[in-house]
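Student: I'd like a close look at one part of this model, please: the packing towards the end of the chain. Take me through it piece by piece.

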Amino acid sequence: MKSHLAPAIRLTLVMLVLLAVIYPLVVAGFARFAPGEGKGETVLVNGKVVGYARIGQAFTEDRYFNGRPSAVDYNAAGSAGSNKGPGNPDYLKTVQARIDTFLVHNPGVQKADIPAELVTASGSGLDPDLSPAGAKVQVARIARIRGISAGRLNQLVDEHTEGPLLGLFGPANVNVLALNIALDELK
């Protein structure tokens with residue numbers, strides 16, 4: 001037994017130092033070279049921080065593009081999904097309530113035309129992006145409220161659409177914060 005216990009304790013101590021000390025320091029070192037130096041990439045408007053580029057936030061006014069719902073109210077300290085499966089009755093009620101709310105605020109849109117991302121929360125609860133379709137389904141509402149042509153708003157969405165990484169990986173997306181900032185800058 002002693003011949004097995006000593007190596008197990010040594011291995012545990014080595015792994016503890018490696019994974020709890022060295023690895024986090026290496027990751028923190030690499031983060032210093034990322035945008036925002038590992039503290040998050042802040043977005044400034046007129047010298048004032050209005051959000052983070054990679055963390056979603058709630059836009060509830062009808063004059064703005066709404067982002068993806070969050071199961072954690074966009075709290076980055078508590079990043080998580082709802083952990084409710086697609087057959088869970090509570091989850092289905094939540095999704096139906098989001099659909100009903102969306103239809104009230106977007107008259108003329110049919111239920112079948114609502115992209116799933118507008119009524120379901122992401123796995124992290126912090127998704128800052130929508131698909132181009134998720135943004136364009138809201139154009140009629142915003143055009144009506146702001147008095148801007150739907151064509152100009154569709155063009156704005158197209159201008160803020162980022163293609164897949166290297167043209168291959170992932171879907172095209174639109175950062176909702178950047179889109180809403182550009183929307184406010186339209187005259």
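Tutor: Here's a short orientation, then the packing itself, then a quick look at another pairing for context.

Bear in mind that this is a predicted model, where local features need pLDDT of at least 70, side-chain atom pairs count only at pLDDT 80 or more, and totals for chains, interfaces and linings use all residues. Residues are numbered from 1 along each chain as its sequence is written, and side-chain values use heavy atoms, leaving out hydrogens and water.

The chain has six helices and five strands (DSSP runs numbered from the N terminus: H or I of at least four residues for helices, E of at least two for strands). Read from the N terminus, the order is α-β-β-α-β-α-α-α-β-β-α.

Let's start with helix H4 (residues 139-146) and helix H5 (residues 150-159), which pack at about 125° with 9 Å between their axes (lines fitted to C-alpha atoms, for helices over the stretch in contact, with angles from 0 to 180 degrees between N-to-C directions). That angle makes H4 oblique to H5 (under 35 degrees is roughly parallel, over 145 roughly antiparallel, 65 to 115 roughly perpendicular, and the rest oblique). Their crossing is right-handed (the near helix is turned clockwise from the far one by less than a right angle; anticlockwise would be left-handed). On the H4 side, Val139, Ile142 and Ala143 make the contact, and H5 answers with Ala150, Leu153, Asn154 and Val157 (contact means heavy atoms within 4.5 Å). Sorted by class, that's six nonpolar residues, one polar and no charged ones (Ala, Val, Leu, Ile, Met, Phe, Trp, Tyr, Cys and Pro count as nonpolar, Asp, Glu, Lys and Arg as charged, and the others, Gly among them, as polar).

H5 has a second helix to deal with: helix H6 (residues 176-185), packed at about 140° with the axes 10 Å apart. That makes H5 oblique to H6, and the crossing is right-handed. Here Leu153, Leu156 and Val157 of H5 meet Leu179, Ala182 and Leu183 of H6. The class count is six nonpolar, no polar and no charged residues. Leu153 and Val157 turn up in the contact with H4 and also in the one with H6.

Now for the sheet. It is an open one of three strands, ordered S3-S5-S4 and paired antiparallel (strands pair if DSSP finds at least two bridges between them). Strand S3 (129-130) and strand S4 (161-162) stand at the edges with a single partner strand each, so one side of each has no neighbour in the sheet. S3 is joined to strand S5 (residues 173-175) by two bridges, and Leu130 stands opposite Val174 in S5. H6 ties the picture together: this helix lies across S3 and S5, at about 60° to S5.

Elsewhere, strands S1 (residues 42-45) and S2 (residues 48-52) pair antiparallel over four bridges. They form a hairpin with two residues between them, and Asn46 in the turn has a positive phi of about 55°. Leu44 is bridged to Val49 of S2, and Thr42 to Tyr52.
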